[in-house]
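Biologist: Before we discuss the charged pairs, could you show me the model and then take me through the reasoning behind each label?

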Amino acid sequence: MSEISTKPYMLRAIYEWCTDSGYTPYLAVKVDSRTTVPMEYVKKGEIVLNISFGATNGLKMDNDAIRFHARFGGVSREIYVPVDNVMAIYANENGQGMAFEPTLGNDDSAPTNSPESTDAPPPPAPAASGPTLASVPTGNPEQRDTTPPGDDEPPKKGGRPTLTRIK
C-alpha cells in the first residue's frame with residue numbers, strides 16, 4: 001500500500017485555521033500544463049490565489065486537487081490546481097502559513113489552461129520536500145490581485161506580499 005501524502009491535509013488545516021481566525025487564505029501555485037488558471041495573471045510561472053469563502057464559489061479541496069470558481073476582472077473562471085503544484089498556503093493579513101516544495105509531473109513544459117494530464121497518478125513526493133513554515137509580509141489590498149510573489153526586485157514598502165521560504 002502506498003503512503004498517503006500529508007500535504008492535502010495540511011492545506012485543509014491551514015485553510016480552516018485562516019477562516020476560523022478571520023484571516024484571508026491565499027495559495028501560491030506553480031503553474032504547469034495540469035493547472036487551469038487565468039494565464040494573464042501568471043508571472044514567472046506562478047500565481048497567487050485568494051481562496052477565501054467570499055472570493056470563491058464551490059471550493060473543493062481534495063487529496064489530489066483544489067477546484068473552485070472565482071472572478072477575475074468580473075468574469076467567472078474555473079480554477080483547477082493539482083495539490084502537487086501548491087507552493088504555499090498562508091494568511092494574507094499576517095503571513096503565517098506553510099510552504100511546500102512543489103512536486104511537478106514530467107510535463108513541466110509551457111503552461112496551458114487544461115487539466116488533461118490529471119489521469120496519471122502524481123509522482124510520490126520526496127522525503128525531503130516536507131512542509132516548512134512560511135512568512136509573508138502583508139501589502140496594499142489594491143495591489144494584491146495583480147502582482148505575484150517571487151519578483152527579483154527588492155520588496156517595496158506597502159507592496160505585494162512575497163513568500164519567504166525557510167529551509
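Modeller: What follows is a discussion of the salt bridges in this predicted model.

Biologist: How many salt bridges does the structure hold, and what makes R34 and D32 one of them?

Modeller: The structure holds three salt bridges. In the pair R34 and D32, the closest N and O atoms are 3.5 Å apart, and because the cut-off is within 4 Å, the pair is called a salt bridge.

Biologist: Why is R34 called buried, and how do you know that D32 is buried as well?

Modeller: Buried means under 20% relative accessible area; R34 has 9% and is therefore buried, while D32, at 0% relative accessibility, counts as buried on the cut-off of under 20%.

Biologist: What makes R77 and E40 a salt bridge, and where in the chain do these two residues lie?

Modeller: The closest N and O atoms of R77 and E40 are 2.9 Å apart, which satisfies the limit of within 4 Å. The pair links distant parts of the chain, with R77 in strand β5 and E40 in the loop between β1 and β2, 37 residues apart.

Biologist: Why is E40 called exposed, whereas R77 counts as partly exposed?

Modeller: Exposed means over 50%, so E40, with a relative accessible area of 51%, is exposed. R77 has 24% relative accessibility, which is neither under 20% nor over 50%, and therefore R77 counts as partly exposed.

Biologist: How do you know that D62 and R67 form a salt bridge?

Modeller: Their closest N and O atoms are 2.8 Å apart, again within 4 Å.

Terms used:
Residues are numbered from 1 along each chain as its sequence is written. This is a predicted model: local features need pLDDT of at least 70, side-chain atom pairs count only at pLDDT 80 or more; totals for chains, interfaces and linings use all residues. Side-chain values use heavy atoms; hydrogens and water are left out. A salt bridge is a side-chain nitrogen of Lys or Arg within 4 Å of a carboxyl oxygen of Asp or Glu. Buried means under 20% relative accessible area, exposed over 50%, partly exposed in between (1.4 Å probe, protein chains only). Helices (H or I, at least four residues) and strands (E, at least two) are DSSP runs, numbered from the N terminus.
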